[in-house]
Amino acid sequence: MKVKKAVIPVAGLGTRFLPATKTVPKELLPIVDVPSIQYVVQEAVDAGIEEIIFVTGRGKDAIEDHFDEAPELEQILTDRGNTEMVKALRRIAEMIEVVSVRQKRPLGLGHAVLCARDLVGGEPFAVMLADDLVDSEVPCVRQLVDIFNRKEESVIALMQVPLEEVHQYGVIEGKEIEQRIYEIQRTVEKPVSSEAPSRMAIIGRYVLRPEIFEILQKQPPGRGGDIQLTDGLAQLARRRKMFGCVFAGERYDIGDKFGFVRATVAYALKRPDLKDKVTEYLRSFAD
C-alpha cells in the first residue's frame, strides 16, 4: 500500500503570532522569503507524496491560493523581465495536487484529521503538522514511509525531550526493537513529568493506517475538551502494532516565537546569498 496522500491541518487561529496573523494565516509567515507551509509541502513532495489535503478554517483560503497559478502576477513579472521569479512561481503551482476540506469547529487535532476521511479514503496516509519544520537530509516523513513500507503498520515520529518538557507533548511507552525504531505499547497526551512513561515525545509527523478514522469517529473528548489524536493512537496501538521512529534531522517548533526565530536564522545560514552576511551579523553580538 503506497502512501500517496498527506493531511496537513491548518485551521488554527495562530493567536500566538498576533497581530501578524490577524489577516495573514500563520502558515504563510515567511522563513526569510519562503512561506513556512511551502517547506512542509516540499518535504511531502520529496517523500513521494502525490496529493496534499489541507484541513482549513475560516480565513485560510490564501494557503491553497499560494499553491495555485497566478497568471496576472506572472504577466506583470514577465513584462518587467523578471523571468526567474515567474519560473519560481510556476514551480510552486506545479509542486503537487492540492485539495482542501473545512474544519468548521475547532475540536482538536484528532477531529481535524477526521475531517479528511472522505478525501483520504481507505488507504494509508501521512499527517504533517505545519508548526513542525524538520530540516533533514532524508525528508522526515520519508523516514516514516520507509518504515511503513517494511512493517505495514502505523509509524509516528519521535524525539527525546527533557523530562521537564514532557507535559508539552504526547509521549510513548515502548521498547526499541531496532536502532531508532520503537514498538509502541501506548501513548499518553501531555503527562505530568512524574507520570510520563518515557521521554520519547511525539512530534508532528505520522504515517497512519486508515483504521484510525473509525477510532477517531468514536473518540470522546480528551484533555482540553478536544478530540486528541494521541488518544486515538493509544486506541490504535491496542488493536494492532504501531511503531515510532526517532527521526534524523533538526526540528524547529515554528508555532513558538523563539522557534520561529531559530528556524529563520538556520535557514538563512543555509542560503549562499545570505550566509556570510548573517554570520557576520551574528558574530557582531559576540564581540
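How far apart should the ends of helix H7 be, given its 12 residues? At 1.5 Å a residue, H7 (residues 140–151) should span 16 Å, and because its end C-alpha atoms are 17 Å apart, the expected and modelled lengths agree. The expected span is 1.5 Å times one less than the number of residues in the helix, and helices (H or I, at least four residues) and strands (E, at least two) are DSSP runs numbered from the N terminus. This is a predicted model, in which local features need pLDDT of at least 70 and side-chain atom pairs count only at pLDDT 80 or more, whereas totals for chains, interfaces and linings use all residues. Residues are numbered from 1 along each chain as its sequence is written, and side-chain values use heavy atoms, with hydrogens and water left out.

Helix H7 has a buried set of residues, namely Cys140, Val141, Gln143, Leu144, Val145, Ile147 and Phe148; here buried means under 20% relative accessible area, exposed means over 50%, and partly exposed lies in between, with a 1.4 Å probe and protein chains only. Other residues of H7 carry charge pairs, and the side chains of Arg142 and Asp146 meet in a salt bridge, with 3.0 Å from N to O. A salt bridge is a side-chain nitrogen of Lys or Arg within 4 Å of a carboxyl oxygen of Asp or Glu. Because they are 4 residues apart in helix H7, Arg142 and Asp146 are separated by about one helical turn. An α-helix has 3.6 residues a turn, so residues three or four places apart point the same way. Arg142 is partly exposed, with a relative accessible area of 22%, and Asp146, at 36%, is likewise counted as partly exposed.

At the last residue of H7, a salt bridge reaches outside the helix: Lys151 pairs with Glu178, their closest N and O atoms being 3.0 Å apart. Lys151 lies in helix H7 and Glu178 in strand S9 (residues 170–178), so this pair ties together parts that are 27 residues apart in sequence. Both partners are partly exposed, Lys151 with a relative accessible area of 25% and Glu178 with 28%.

Just after H7, Glu152 takes a positive phi of about 55 degrees, and Glu153 then lies in the loop between H7 and strand S8 (154–160). Is Glu153 buried or exposed? Glu153 counts as buried because its relative accessibility is 13%. The side chains of Glu153 and Arg240 are joined by a polar contact of 2.7 Å, a term for a pair of N or O atoms within 3.5 Å, where within protein one must be able to donate a hydrogen and the other to accept it, and residues adjacent in sequence count only if both atoms are side-chain atoms. Glu153, Arg209, Glu211 and Arg240 are also linked in a network of salt bridges, and the structure holds 22 salt bridges. Leaving aside neighbours within four places in sequence, Glu153 is in contact (heavy atoms within 4.5 Å) with Phe148, Arg209, Arg240, Lys241 and Phe243.

Met242, in strand S12 (residues 242–246), is buried, with a relative accessible area of 0%. Beyond neighbours up to four places away in sequence, the contacts of Met242 include Ser154, Ile156, Leu233 and Tyr182. The C-alpha atoms of Met242 and Tyr182 are separated by 8.5 Å, although the two residues are 60 residues apart along the chain.

Another salt bridge joins Arg262 to Glu250, with the closest N and O atoms 3.1 Å apart. Arg262 belongs to helix H10 (residues 257–269) and Glu250 to strand S13 (residues 250–253), so the pair ties together parts that are 12 residues apart in sequence. Arg262 is partly exposed at 32% relative accessible area, and Glu250 is partly exposed at 36%.

Elsewhere, Ala62 is found in helix H2 (residues 61–66) and touches Pro25 and Leu28, not counting residues up to four places away in sequence. Ala62 and Pro25 are 37 residues apart in sequence, and their C-alpha atoms are 7.5 Å apart in space.

Finally, Phe285 in helix H11 (residues 275–286) counts as exposed, at 58% relative accessibility. Tyr281, Leu282 and Phe285 form a nonpolar patch on the surface, with about 350 Å² of accessible area together. Patches are made of residues with over 30% relative accessible area and no salt bridge, with like charges joined within 9 Å and nonpolar side chains (Val, Leu, Ile, Met, Phe, Trp, Tyr) within 5 Å. Accessible areas come from the Shrake-Rupley method with a 1.4 Å probe, and for residues only the protein chains shown count as cover.
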